[in-house]
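Open the model in your viewer and keep the selection panel at hand. The stops below are meant to be taken in order.

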Amino acid sequence: MPDLRRRSLLAGSLAAPLAVALPASPATAHTASGPASPATAHTASGPDAKALRAAIAGLPDADATAALVRVGGREGRWRGSAGVHDLESGRPADPDARFRAGSTTKVVTAATVLRLAAEGRIDLDGPVQRHLPGVLGSRFQPVTVRQLLNHTSGIPAGDGLGTTFEELYARRFETLDPQRVAASAGAKEPEFDPGKRQHYLNINYTLLGLLIERVTGRPYASEATRLVLAPAGMRDTYFPGTDPRILGPHNRGYQAVRRADGTTELLDVTEWNQADRFAAGDMISTTADLERLLTGLFRGRIVPRPLMRELFAVPADITGASYSAGGLQRFESGGTVYWVKTGGRYGYNSAIAGTCDLRRTIVYSVNSTDAKSEDANPVVGRIITAALK
């Protein structure tokens, strides 16, 4: 995944709009209490309701078909949605819809590991090879669990089902299990010695998912639900495994594809087997549940307080490091530090962000038409700019 400053928290547009015709949207942004109202949307120092409404106005457009936004915290709150449920019917987007949360899954995985560490079942500074013998080849030095959590392991990416959208789309209903992904990574050369650099890669959390299963004897999804989702009250969140569907209410996701004749087609990418993403990114959630995750974590309701420091523990001896052992990334704006995690699967971009004291929290889901692009999505950029005001 590209650096956060190039991807989701850039307040501005780096991507040119695509030339594609979309139906006019009947949906408009709204607050939690109904139609947008400055009197109810924010306090004097709270979210800028006018800016947030403007950020998601006019959807669907060439960059996104829907957007769901929640800005909260001690300063006040704002809730809004815009766009359509699907392009065929044009009916308004469901503000409570489920969506593919992508790499925000990593925050749940990290919290699960920290819970198990608090129980004495995982040693954060112990080598992962102790629990997963044979997964990493003999060329690898001992890699600690903490180094997996903060992406300093040096383990290279595992193999996938393709490298281009076209290759992946053609094989979107195939199953690539995480054991095969891990084995393919472990058969390669290390990228660097453990602890010497920080390189964000899914493989670290794939191995953490396998570690959770090994030490508990239970499926990753069961342990993550027991230790994190349930305490956080995330009742609308689940892990689909090999099921390509999004169960329950959801808005359709689309990917813009340029054809040989120069036109752009929006392909429906809602159904997709995400088994290879596993503990690194296959979670399905809602904006309300992701907000519960953020507030539950920062209030000490999920990870025991003696280990809460790990949520914000960025390696101090690695130049440019920004990812913590809690699966979060440190981001500073206007002198305020936010802890952030973004996610992107085809058709869906999402993020959680908040200050340690929960003065301001931000959660969004945007049905981006190019969700895996390295350029910042203009709709996401507008949301972030408005939410940080």
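This tour of a predicted model goes from a strand and its partners to a helix and then to salt bridges.

**Strand β12.** Select residues 361-368, which form strand β12. Of its 8 residues, 8 are buried, so the strand is largely enclosed by the rest of the structure. Now show the side chains. In a regular strand they alternate between the two faces of the sheet. Thr 361, Val 363, Ser 365 and Asn 367 point one way from β12, while Ile 362, Tyr 364, Val 366 and Ser 368 point the other way. Residues of both sets are buried.

**The partners of β12.** Add residues 64-72, strand β3, which runs antiparallel to β12 and is joined to it by 7 bridges. To find the register, pick Val 71, which stands opposite Ile 362 in β12. Next add β11, residues 348-354. β11 and β12 also pair in the antiparallel sense, over 6 bridges. Here the pair to pick is Ser 350 and Ser 365, which stand opposite each other. Then move to the hairpin of β11 and β12, where 6 residues lie between the strands. Leu 358 in this hairpin has a positive phi, near 60°.

**Helix α4.** Select residues 105-118, the 14 residues of α4. From first C-alpha to last the helix reaches 20 Å, close to the 20 Å expected at 1.5 Å a residue. Is α4 enclosed or open to the outside? Of its 14 residues, 13 are buried, so the helix is largely enclosed by the rest of the structure. Past the helix, stop at Gly 120, whose phi is positive, near 80°.

**Salt bridges.** The structure holds 21 of them. Start with Asp 236 and Arg 98, whose side chains meet at 3.6 Å, N to O. This pair links distant parts of the chain, 138 residues apart. Asp 236 is in the loop between α9 (220-232) and β6 (254-258), and Arg 98 is in the loop between β4 (78-83) and β5 (99-100). Asp 236 counts as partly exposed, at 36% relative accessibility, whereas Arg 98 is buried at 17%.

Continue to Arg 245 and Asp 243, which form a salt bridge with their closest N and O atoms 2.8 Å apart. Arg 245 is partly exposed, with 45% relative accessibility. Then select Arg 277 and Asp 276, joined by a salt bridge of 2.9 Å, N to O. Asp 276 is buried, at 14%.

For the last stop, select Arg 70, Arg 79 and Glu 291, which are linked in a network of salt bridges.

Note on methods: Residues are numbered from 1 along each chain as its sequence is written. This is a predicted model: local features need pLDDT of at least 70, side-chain atom pairs count only at pLDDT 80 or more; totals for chains, interfaces and linings use all residues. Side-chain values use heavy atoms; hydrogens and water are left out. Buried means under 20% relative accessible area, exposed over 50%, partly exposed in between (1.4 Å probe, protein chains only). Helices (H or I, at least four residues) and strands (E, at least two) are DSSP runs, numbered from the N terminus. Two strands pair if DSSP finds at least two bridges between them. The expected span of a helix is 1.5 Å times one less than its number of residues. A salt bridge is a side-chain nitrogen of Lys or Arg within 4 Å of a carboxyl oxygen of Asp or Glu.
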